[in-house]
Amino acid sequence: MNHTLHFTVNGEPYEIVAASHHTLLQVLREQLALTGTKNGCEAGECGACAVLIRWPGADRFEPVNSCMVLAPEVAGAEIVTIEGLAHDDQLDPLQEAFIVTGATQCGFCTPGILINARALLDRNPDPSDAEIRAALVGNLCRCTGYIRILDAVKMAARTRKEALR
Amino acid sequence: MSQAPHHKPQLSASGRKPSLIGTSPLRIEGRAKVTGAATYVDDMPFGPALLHGMIKRSPIAHGLIKRIDVSKARALPGVRVVVTGQDFPGYTGLYLKDRRIFALDRVRYVGEAVAAVAADTPEIAQRALDLIEVEYEPLPGVFDPEFGASPAAPLVHPDLGNYECAPFIFPQPGTNISNWFKVRKGNMAQGWAAADLIYEHRYQVPHIQHVPLEPHVCVAQQDVNGKITLWSSSQSPFAQRNLIAKALNIGHSQLRVITPYVGGGFGSKAGVSIEGAAVALAMHARGRPVKLRMTREEEFYTTFVRQGLVAYIKMGMTKDGRITAVENRFYWDGGAYTEYGVNITRAAGYSGSGPYFVPNIHVDSYCVYTNHPIGGPMRGFGMAEIHFGIEQHIDQMALQLGLDPVQVRLLNCLKDGQETLTGMIMHPTGLSQCIRKAAEAIGWNAAPPPQDEKSHKRRGKGLAAMWKAPAMPPNPGSSAVVRLNEDGTATVSIGGVDIGQGAMTAMAQLAAEGLGIRVEDVRVNTVDTDYSPYEWQTVASRLTWSMGNAVLQAAENARHQILQTVAEAWGEDINDLDIVDGQVVSYRTEEARPLRDLVIYGLQRPDGTWVGGPVVGQGRFMPEYVTPLDPETGQGPRAVVHFTTGCQAVEVEVDEETGEVTVLKIVSAYDVGRAINPEMVRTQMEGGAVQGMSTALLEQIILKDGVPANPNFTDYRIATAVDAPLETENIIVEVPQDDGPFGARGVGEHPMVPTAPAIANAVYNTVGVRISSLPITGEKIWAALHPQEADPAMTPV
């Protein structure tokens, strides 16, 4: 069965038709050509497809694995993908920090990790090392060994605090 | 063109000290990767004509195909292509041609491709697979390499004697042994007689998965002229072109391989795995593109896995710690096809002493066919597996003799000018430095912290050394083109792939250094075999060294063209000219001219005529000095191009109540010759160490009668952010490589080689338990600590 859905992605309103069994990941990648969100396992186990979502009526965004969300569920929701993290060419402090610390290698897990890290800093601006590790436990990375990623999140937290001052 | 740099390796072409080498510019594709803009194969648009391919796989480990009926699948609306082994009966393979794109008459592992379909949607493709009928006659299987090597084992490849293979591979027809590499050096009887302690032990390494986060994916399309384009997530665009063209009997220029960004490889995307099937489908798809994308489950056991190993190590040592003799037998679980695996066992054979001087040594390295998934190359192939045993063995013997394992390693480790086990003279190496620095950084000689008697958590340290040579044919080539653009920037074309290791950034640095321009003024292209120059493969930690030489030479060639033009136009001696920060300068007249004024249009001579033209530099490199080894003794003057050496030291905490191991700190020290980009070298060390830690503590493909039991991330865990060590230290040692660009040699694979034995040694140091099989699980440690309570089935091997 097909559904006509309205939702926003990165601030832009969309109207699309999706089959009941299609996932949000498929809709983003195949219908909206937002391919920064990656497909690593289609089983909710690797975190490469993470996006931020604000459900209708919710007061804030939360990270979800988009392969685990069926398209009809997102009617009325607001979604932010990796393509929506930067604004007008201005990178998010996390994105800057990932480049500077060397936290990206092959880059395939990077969008999902940035999404989860952004969700962490939005709810906890000053996370401890253990809190960062716990927040990213659902994101697999085979290249970096995670240490630079932890450094990058700490660096971005500092940058955000300084910007608030 | 000469094959090695024509100047001293540590200096640039102008004779200056390099200004960009040893600096750490940021990853040149970093912005694309953090914004989601970097395009991987699965991200490329192919429009509504795209067909979705899927593979019908064998559910049994070994059997004859009695009948395949694809008529119902073909009749299903929306199905456009169905192919089977009948359509492509030719053999393929990198070192041994033992494999077909689809099984023809016999299947040899669970998951083997027997047919493929391409359909308008994935849903239709899945239904078509279900409609394909295959009737098998099951055969007894081989699920253990030692049994497989015995005369009692059923033959997995009765035709082994008819397969084509590389001249340095020695199949044993009539057996399951597809390669037998031998080392025979010295006098074993004398070696054993000189020993005060002789110790023999068995070590076991299971199959593991590479786990690139991007699964294998490719798209193939044939145009009206018959030319095929393959978009492939690959470490080996040129090897894919070569192997697929030969397998399908088409011309090399009739096949074009395009590789955009690659989401990790670790060896799994070397050579050919799924790509032949996509091309086979495309050849029947009437011009429509066909995509083949592995699911995560397929990724776990149908592309490549790391081979399993059973190693018997016997070593003799004097009471002061000198190694007198070594006798090693390696039984490799090569899986159903060993087209790549035969070279893994060869590499393990010629490295079989570990990084030590051993005067008397026998090594037998057997590549054994089994009915398991296909063993392929994985990061440092062969080395992580053999060092797991060798490095524990050294520790165990040192401790039995009451000696310090670090001192025993320093005593025996290969020094400049000593003979390796194959008779090659060891080149200058920083191995001793690496061992000393790693030991110092972990606080090897520091007194252990006081143990809280009430706590059941204990701390200890361990260390392991390593060596590894690029494992490859004697003559793998690299080439590069450096083109100058109107604005004075340069575009570098290479055939090697940045799979995350940072090759594009290192090549940009080398091109910028060779030309005399800024790194930010260099663009590096991803690979398209129609436009990129040849590169053998992105494997063996060889790009910085081999492709780096080609890029540097191409840049210096372009530089020379530019300076010749200027010398003629200005009436100057070329030796008085240089290029600095994108400007040609004359040291004689102090005149300067930006490159953008001359690299395309040339320069005007005083008489008004013009000289020069578009600048295109070319470079190439191929080692010309590797010698064959005697098939009976493994001896020869130069087995390999060079060895990168190193050492890791770890501190662990072991919970005596649960057996759980926590890695607190990993120190890595490697001799990289010269670090082109030190920060990227450190990220390779760190990422490799954590991958090594993950394989040490967590990873194993559980195979029962050939059936994988855990092909998903819930049952096959890899290290997460929570598991990563609290601290790492990454130490660069630089003893220059004589034929490396500015002295560089590779380090991409090495950082995961010694991690598992270092952790095993640390576990022994902490709780006195020797774990001889990977992974080092809490269950194994607990069972060894509590032998009375343990279930015998859990007792460690």
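In strand β14 of chain B, V310(B) is the bridge partner of Q204(B). This pair belongs to a predicted model, and the description below proceeds from the strands around β14(B) to the rest of chain B, then to chain A and the contacts between the chains.

## Strands of chain B

The pair of Q204(B) and V310(B) lies in a ladder of nine bridges that joins β8 (residues 197-205) of chain B to β14(B), and these two strands run antiparallel. β14(B) also has a ladder to β15 (residues 323-335) of chain B, again antiparallel, made of 10 bridges. In that second ladder, G316(B) has A325(B) of β15(B) as its bridge partner. The hairpin formed by β14(B) and β15(B) has five residues between its strands, and G321(B) takes a positive phi near 100° in this hairpin. Strand β14(B) covers residues 308-317; eight of these 10 residues are buried, so the strand is largely enclosed by the rest of the structure.

Elsewhere in chain B, three strands make up an open sheet with antiparallel pairing, in the order β4-β2-β6. The edges are taken by β4 (106-107) and β6 (133-138) of chain B; each has a single partner strand, so one side of each is left without a neighbour in the sheet. Between β2 (residues 63-69) of chain B and β4(B) there are two bridges, with the strands antiparallel. L64(B) has R106(B) as its bridge partner in β4(B).

The table lists the ladders described above for chain B.

| Strand pair | Bridges | Direction |
|---|---|---|
| β8(B) and β14(B) | nine bridges | antiparallel |
| β14(B) and β15(B) | 10 bridges | antiparallel |
| β2(B) and β4(B) | two bridges | antiparallel |

## Confidence

The model has an ipTM of 0.99 and a pTM of 0.97. For chain B the mean pLDDT is 96, and 98% of its residues reach 70 or more. Residues 1-6 of chain B have pLDDT under 50 throughout, and the model has 10 contacts beyond four places in sequence for them. Where pLDDT is low, the predicted coordinates should not be read in detail.

## Chain A: fold and dimensions

Chain A contains five helices and five strands. Read from the N terminus, its elements follow the order β-β-α-β-β-β-α-α-α-α. Its radius of gyration is 16 Å, close to the 15 Å that the globule rule gives for 165 residues, so chain A is as compact as a globular protein of that length. The C-alpha trace of chain A spans about 45 × 35 × 25 Å along its principal axes. Of the 165 residues in chain A, 55% are buried. Among the contacts in chain A between residues at least 6 apart in sequence, 61% link residues at least 24 apart.

Helix α1 of chain A (residues 24-31) has six of its eight residues buried, so this helix is largely enclosed by the rest of the structure. Those buried residues are L24(A), L25(A), Q26(A), V27(A), L28(A) and R29(A). They pack against β2 (12-19) of chain A. A33(A), just after α1(A), takes a positive phi of about 55°.

## Chain A: two domains

The domain assignment divides chain A into domain 1 (2-84) and domain 2 (93-164). A distance of 22 Å separates the C-alpha centres of domain 1 and domain 2 of chain A. Between them, 15 residues of domain 1 of chain A are in contact with 12 residues of domain 2 of chain A. On the domain 1 side of this contact, the elements that give two or more residues are β3 (50-54) and β4 (62-65) of chain A. The most comes from β3(A), with three residues. By class, the domain 1 side has nine nonpolar, four polar and two charged residues.

## Contact between the chains

Across the interface, 42 residues of chain A are in contact with 45 residues of chain B. On the side of chain A that touches chain B, the elements giving two or more residues are α2 (93-101), α3 (110-123), α4 (129-135) and α5 (147-164) of chain A. The residues on that side of chain A comprise 24 nonpolar, 12 polar and six charged.

Key
Residues are numbered from 1 along each chain as its sequence is written. Chains are lettered from A and ligands numbered from 1 in the order in which they are written. This is a predicted model: local features need pLDDT of at least 70, side-chain atom pairs count only at pLDDT 80 or more; totals for chains, interfaces and linings use all residues. Two residues are in contact if their C-beta atoms, placed from the backbone, lie within 7 Å. Helices (H or I, at least four residues) and strands (E, at least two) are DSSP runs, numbered from the N terminus. Ala, Val, Leu, Ile, Met, Phe, Trp, Tyr, Cys and Pro count as nonpolar, Asp, Glu, Lys and Arg as charged, and the others, Gly among them, as polar. Domain bounds come from an automatic or database domain assignment. A residue is buried if 20 or more other C-beta atoms lie within 10 Å of its own, exposed if 12 or fewer, and partly exposed in between; C-beta atoms are placed from the backbone. Two strands pair if DSSP finds at least two bridges between them. pLDDT is the predictor's confidence in each residue, from 0 to 100. The radius of gyration is taken over C-alpha atoms; the globule rule is 2.2 Å times the number of residues to the power 0.38.
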